[in-house]
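This briefing introduces a protein structure to a reader who has not met it before. Please view the sequence and the structure together before turning to the points below.

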Amino acid sequence: MTDIAALALTKRFRHTTAVDELSFTAPAGKVTGFLGPNGSGKTTTLRTALGLVAATSGRVLIGGRDYASLTRPRRVVGAVLEATGFHPGRSARAHLGVLARAGGVPRARVAEVLEVVELSSDADRRVREYSLGMRQRLGLASALLGDPEVLVLDEPVNGLDPAGVAWLRKLLRAQAAEGRTVLVSSHLLSEVAQTADHVVIVAGGRLRFEGPIDALPGAGSLEDNFLALTAGESR
């Protein structure tokens, strides 16, 4: 099983410690909500996991390996960190075709993921014509292209309407049910409460809670627990 494990991860930017001795596990077969106030180190942690930022110390392992050591990373990890990075004059189908060639993914997979994210009817429109929600779906299609064992998503509900949010919830739970590891960073706590099995809560770059969502220490909602665990850390 391919989990994600942060092991005493620390990242400093000059005089600022963004992540401080952070350790947690996002288990396979679960949707893990990665939660924290602005400036809590979530994005830095995700970027470190994907080899985009070098750790000051510690590691993030994917299935026991550093991202850089993965032989075919697109087949192991699919990630969406922001709904950008698309050539505005290129169609969704062409964009995914380029990624498929670069990642050694069969071309037939392009049509499959367009169907999954419900963009088939708009696949030949230029991305500049897409709404933010459509770009989010295209980002998800890019992440799913290699049929990865792990999904890493940063604020994936941005730009989605209520029907799109419900669709995404169903998709993520289906991915986890197939044994994949799904790590989702989000500020939308009500949606995380409906989607996640497991939560990791950080503040000030440090771990405040990790475990099943029904094992939170307080008696209230996820929001109540989040606010209590991160008191004084919002920016």
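The points below describe the sheets, the helices and a few individual residues. The structure is a predicted model. One open sheet is formed by 6 strands with mixed pairing, and another open sheet is formed by 3 strands with antiparallel pairing.

**The sheet of 6 strands**

- The strands of this sheet follow the order β5-β6-β7-β3-β8-β9.
- Strands β5 (77-80) and β9 (206-212) stand at the edges; each has a single partner strand, so one side of each is left without a neighbour in the sheet.
- On average, neighbouring strands of this sheet are turned by 15 degrees against each other, with direction ignored.
- Strand β3 (residues 31-35) pairs with strand β7 (residues 181-185) in the parallel sense, over 4 bridges.
- Within that pairing, V182 in β7 is the bridge partner of V31.
- Strand β3 also runs parallel to β8, to which it is joined by 4 bridges; here T32 has H198 of β8 as its bridge partner.

**Strand β8 and its hairpin**

- Strand β8 covers residues 198-203, and 6 of its 6 residues are buried, so the strand is largely enclosed by the rest of the structure.
- In a regular strand, side chains alternate between the two faces of the sheet.
- Both faces of β8 are covered, with H198, V200 and V202 buried on one side and V199, I201 and A203 buried on the other.
- Strands β8 and β9 run antiparallel and are joined by 6 bridges; the bridge partner of V199 in β9 is G211.
- These two strands, β8 and β9, form a hairpin with 2 residues between them.
- In the turn of this hairpin, G204 has a positive phi of about 60 degrees.

**Helices on the sheet of 6 strands**

- Helix α5 (residues 132-144) packs on the sheet and touches β5 and β6 (150-154).
- The direction of α5 makes about 165 degrees with that of β5.
- Helix α6 (residues 162-177) lies across β3, β6 and β7, and runs at about 145 degrees to β7.

**Contacts between helices**

- The axes of helix α3 (residues 92-103) and α5 come within 10 Å and cross at roughly 25 degrees.
- Angles under 35 degrees count as roughly parallel, and α3 and α5 are therefore roughly parallel to each other.
- The crossing in which α3 passes α5 is right-handed.
- Helix α3 contributes A92, H95, L96 and L99 to this contact, while α5 contributes L138, A141 and S142.
- By class, the residues of the contact of α3 with α5 are 5 nonpolar and 2 polar, with no charged residues.
- Helices α5 and α6 pack at an angle of about 10 degrees, and their axes are 13 Å apart; this angle makes α5 roughly parallel to α6.
- On the α5 side, R137, L140 and L144 meet G164, W167, L168, L171 and Q175 of α6.
- The contact of α5 with α6 divides by class into 5 nonpolar residues, 2 polar residues and 1 charged residue.

**The sheet of 3 strands**

- The order of strands in this sheet is β2-β1-β4.
- Strands β2 (16-26) and β4 are the edge strands, each pairing on one side only.
- From one strand to the next, the twist averages 20 degrees.
- Strands β1 and β4 run antiparallel and are joined by 5 bridges.
- Helix α1 (residues 42-49) lies across β1, β2 and β4, running at about 65 degrees to β2.

**Residue A6**

- Residue A6 is found in strand β1 (residues 4-13), and its bridge partner in β4 is V60.
- The relative accessibility of A6 is 1%, and A6 therefore counts as buried, the limit for that class being under 20%.
- Leaving aside residues up to four places away in sequence, A6 touches L22, S23, F24, R59 and V60.
- A6 and T25 are 19 residues apart in sequence, and their C-alpha atoms are 6.4 Å apart in space.

**Residue S69**

- Residue S69 is placed in the loop between β4 (57-62) and α2 (73-76).
- With a relative accessibility of 35%, S69 counts as partly exposed.
- The C-alpha atoms of S69 and G51 are separated by 9.8 Å, and the two residues are 18 residues apart along the chain.

How values were computed:
Residues numbered from 1 in each chain as written. Predicted model: local features only at pLDDT ≥ 70, side-chain atom pairs only at ≥ 80, totals over all residues. Heavy atoms only, no water. Pairing = 2+ DSSP bridges. Axes fitted to C-alpha atoms, helices over the stretch in contact; angles between N-to-C directions. Contact = heavy atoms within 4.5 Å. Parallel < 35°, antiparallel > 145°, perpendicular 65-115°, else oblique. Left-handed = near helix turned anticlockwise from the far one by under 90°. Nonpolar A, V, L, I, M, F, W, Y, C, P; charged D, E, K, R; others polar. Buried < 20%, exposed > 50% of the residue type's maximum accessible area, 1.4 Å probe, protein only.
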